[in-house]
Amino acid sequence: MDAGPTPPPSATQRSRAARRAAAQRSECAATEALTVLGQKWVLRIIRVLGERTQRFCELQDALGGANSATLSQRLKLLEDEGLNERREVSAVPPWVEYSLTVKGSDLRGALAGIDRWAERWSVRQ
């Protein structure tokens, strides 16, 4: 006796791995952005570069002495994400300046809203 084609399993009957894979595929852009922005120094770098173009040492001082290797990694990450640009001014002596791109400046504007929210609802008040 042939009962006919088997109906597809419902969403509740999918395996745990299949549900997890579906959730990862539907991860939103905000979550991906927060993964980058949540790394140490990133938000502070965006804020400081938003004030003006800066050389590496100026930026390091403005951040309160961030480790050079970490700062270099974060600047490269932000450059890869299109948030800042690195410009070689001189080869001898080496002189490099960093500044925000249009995309980075737009992010800085979004951070201003978060800053206002944090100031309003800060536990320290």
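Which element supplies the largest share of the lining of the largest pocket? Keep that in mind while we set up the view.

**Before you click**

This is a predicted model, where local features need pLDDT of at least 70 and side-chain atom pairs count only at pLDDT 80 or more, while totals for chains, interfaces and linings use all residues. Residues are numbered from 1 along each chain as its sequence is written, and side-chain values use heavy atoms, with hydrogens and water left out.

**Stop 1: the whole chain**

Switch to cartoon. You should find six helices and three strands, in the order α-α-α-β-α-α-β-β-α from the N terminus. Helices (H or I, at least four residues) and strands (E, at least two) are DSSP runs, numbered from the N terminus. Colour by accessibility next: of the 125 residues, 23% are buried. Buried means under 20% relative accessible area, exposed over 50%, and partly exposed in between, using a 1.4 Å probe and protein chains only. Among contacts (heavy atoms within 4.5 Å) with a separation of 6 or more, 43% join residues 24 or more positions apart.

**Stop 2: the largest pocket**

Select Glu 32, Ala 33, Val 36, Leu 37, Glu 81, Leu 83, Lys 103, Asp 106 and Leu 107, which line the largest pocket. Here is the reply to the opening question: α2 gives the largest share, four residues. Both α2 (29–37) and α6 (102–121) supply at least two lining residues. The lining has five nonpolar residues, four charged ones and no polar ones; Ala, Val, Leu, Ile, Met, Phe, Trp, Tyr, Cys and Pro count as nonpolar, Asp, Glu, Lys and Arg as charged, and the others, Gly among them, as polar.

The space inside comes to about 190 Å³. A pocket here is an open set of points on a 1 Å grid over the protein atoms alone, where a 1.4 Å probe fits, with protein on both sides within 12 Å along at least five of seven lines; lining residues have an atom within 4 Å of a point. Grid points are joined across faces, edges and corners, and the volume is the space filled by probe spheres set on the points.

**Stop 3: Gly 50 in α3**

Now pick Gly 50, in helix α3 (residues 42–51). Its relative accessibility is 28%, so Gly 50 is partly exposed. Draw a C-alpha to C-alpha distance to Ser 105: 6.5 Å in space, though the two are 55 residues apart in sequence. Beyond neighbours within four places in sequence, Gly 50 touches Leu 100 and Arg 108.

**Stop 4: salt bridges**

There are five salt bridges to hunt for, each a side-chain nitrogen of Lys or Arg within 4 Å of a carboxyl oxygen of Asp or Glu. One of them pairs Arg 47 with Asp 115, at 2.5 Å from N to O. This pair ties helix α3 to helix α6 across 68 residues. Arg 47 is partly exposed at 28%, and Asp 115 is partly exposed at 26%.

Then try Glu 58 and Arg 52, bridged at 3.7 Å, N to O. Also show Glu 88 with Arg 86, where the closest N and O atoms are 3.5 Å apart. Glu 88 is exposed at 55%, whereas Arg 86 is partly exposed at 40%.

**Stop 5: Arg 74**

Finish in helix α5 (residues 68–80), on Arg 74. Which side chain of opposite charge is nearest to this buried residue? It is Asp 80, 11 Å away, and Arg 74 has no salt bridge. For charge, Lys and Arg count as positive and Asp and Glu as negative, with His and the chain ends not counted. Show what surrounds Arg 74: leaving aside neighbours within four places in sequence, its contacts are Gln 39, Lys 40, Trp 41, Val 42 and Ile 45.
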